Amino acid sequence: MNPSNWRTYLVTQASLSGDRTTPEIVRAAIDGGIDAVQLREKEMSAHSRYELGHELRELTAAAGVDLIVNDRIDIAQAIDADGVHVGQLDLPVAVARDLLGPDAIVGCSASTVAAAREAEADGADYLGVGAVYGTSSKDVDDAKDGVGPERIAAIADAVSIPIVGIGGITADNAGDVVEAGASGVAVVSEITAASQPRIATEALTDVIETTKSVATGEHGR
């Protein structure tokens with residue numbers, strides 16, 4: 001799937017899933033219409049992430065859902081993932097592209113216009129922009145926490161590749177992120193910590209589809 005078609009993107013984090021396993025959360029999200037899943041789980045050993053990745057690859061492949069691996073290009077290759085997502089302190093986008101080839105999806109985190117333009121120039125297929133509303137799922141610099149939809153809009157004006165907003169996004173505020181120029185949203189706790197992850201995914205997807213439909217209708221007029 002082209003990242004420009006992504007609406008909802010789940011970033012895994014086992015510590016927020018309660019007594020449920022990550023595959024259980026991913027399966028429920030797939031049932032709810034998720035478009036992409038990112039295997040993060042940075043606290044896991046490489047071996048454990050590899051084994052979990054294999055299980056998620058089976059689930060996502062069967063459902064036609066893209067599987068992205070955070071940071072670890074070697075694990076992405078080993079489990080035949082669809083791509084990798086790198087941050088500003090990880091291997092550069094250009095290196096990931098060289099290692100994974102032209103058909104892989106390479107995403108990059110960006111919180112400034114300058115970083116976004118650099119990632120696009122280096123060959124990124126999409127940008128993860130945030131933290132939009134702040135995040136508690138990982139440590140981020142204060143300057144990158146709570147950048148708001150305004151930053152989404154500024155970056156959308158500066159690049160031509162798809163943007164996925166991330167950080168504190170819920171069904172209540174996802175529409176504002178899409179209105180600002182994001183193709184979709186990436187979430188951790190909104191789905192993983194939900195009592196019913198499938199329903200949470202459906203609600204999030206519905207908001208994004210409705211927002212896009214309204215925007216398209218307005219544009220058509």
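Visitor: Which helix supplies the largest share of the lining of the largest cavity?
Guide: This is a predicted model, in which local features need pLDDT of at least 70 and side-chain atom pairs pLDDT 80 or more, while totals for chains, interfaces and linings use all residues. Residues are numbered from 1 along each chain, and side-chain values use heavy atoms, without hydrogens and water. A cavity is a set of points on a 1 Å grid over the protein atoms alone where a 1.4 Å probe fits but cannot get out, and its lining residues have an atom within 4 Å of a point. The largest share of this lining, 3 residues, comes from helix 1 (residues 22-31), helices being DSSP runs (H or I) of at least four residues and strands (E) of at least two, numbered from the N terminus, and the name asked for is thus helix 1.

Visitor: What is the volume of the largest cavity?
Guide: The count comes to 1 cavity of 30 Å³ or more. A volume is the space filled by probe spheres set on the grid points, which are joined across faces, edges and corners. For the largest cavity, this volume is about 40 Å³.

Visitor: How many residues of the lining are polar?
Guide: The lining includes Leu-10, Thr-12, Gln-13 and Thr-192. Ala, Val, Leu, Ile, Met, Phe, Trp, Tyr, Cys and Pro count as nonpolar, Asp, Glu, Lys and Arg as charged, and the others, Gly among them, as polar. The lining has no charged residues and 4 nonpolar ones, and the number of polar residues is 5.

Visitor: What is the largest C-alpha distance between the residues annotated as "binding site"?
Guide: The unreviewed UniProt entry places this annotation on Asp-71 and Asp-90, in the numbering used here; feature names are shortened, and annotations may be inferred rather than shown by experiment. Although spread over 20 residues of sequence, they cluster in space, with a largest C-alpha distance of 6.3 Å.

Visitor: Is Asp-71 buried or exposed, or in between?
Guide: Asp-71 lies in the loop between strand 3 (66-70) and helix 3 (73-78). Buried means under 20% relative accessible area and exposed over 50%, with a 1.4 Å probe and protein chains only. Because its relative accessibility is 23%, Asp-71 counts as partly exposed.

Visitor: Which residue has its backbone nitrogen 2.6 Å from a polar atom of the Asp-90 side chain?
Guide: Asp-90 is in the loop between strand 4 (83-86) and helix 4 (93-100). At 22% relative accessibility, Asp-90 counts as partly exposed. The backbone nitrogen at 2.6 Å from its side chain belongs to Gly-87.

Methods: 1 Å grid on protein atoms, 1.4 Å probe; cavity = no way out; pocket = protein on both sides within 12 Å on 5 of 7 lines; lining within 4 Å. Polar contact = N/O pair within 3.5 Å; in protein donor to acceptor, adjacent residues only side chain to side chain.
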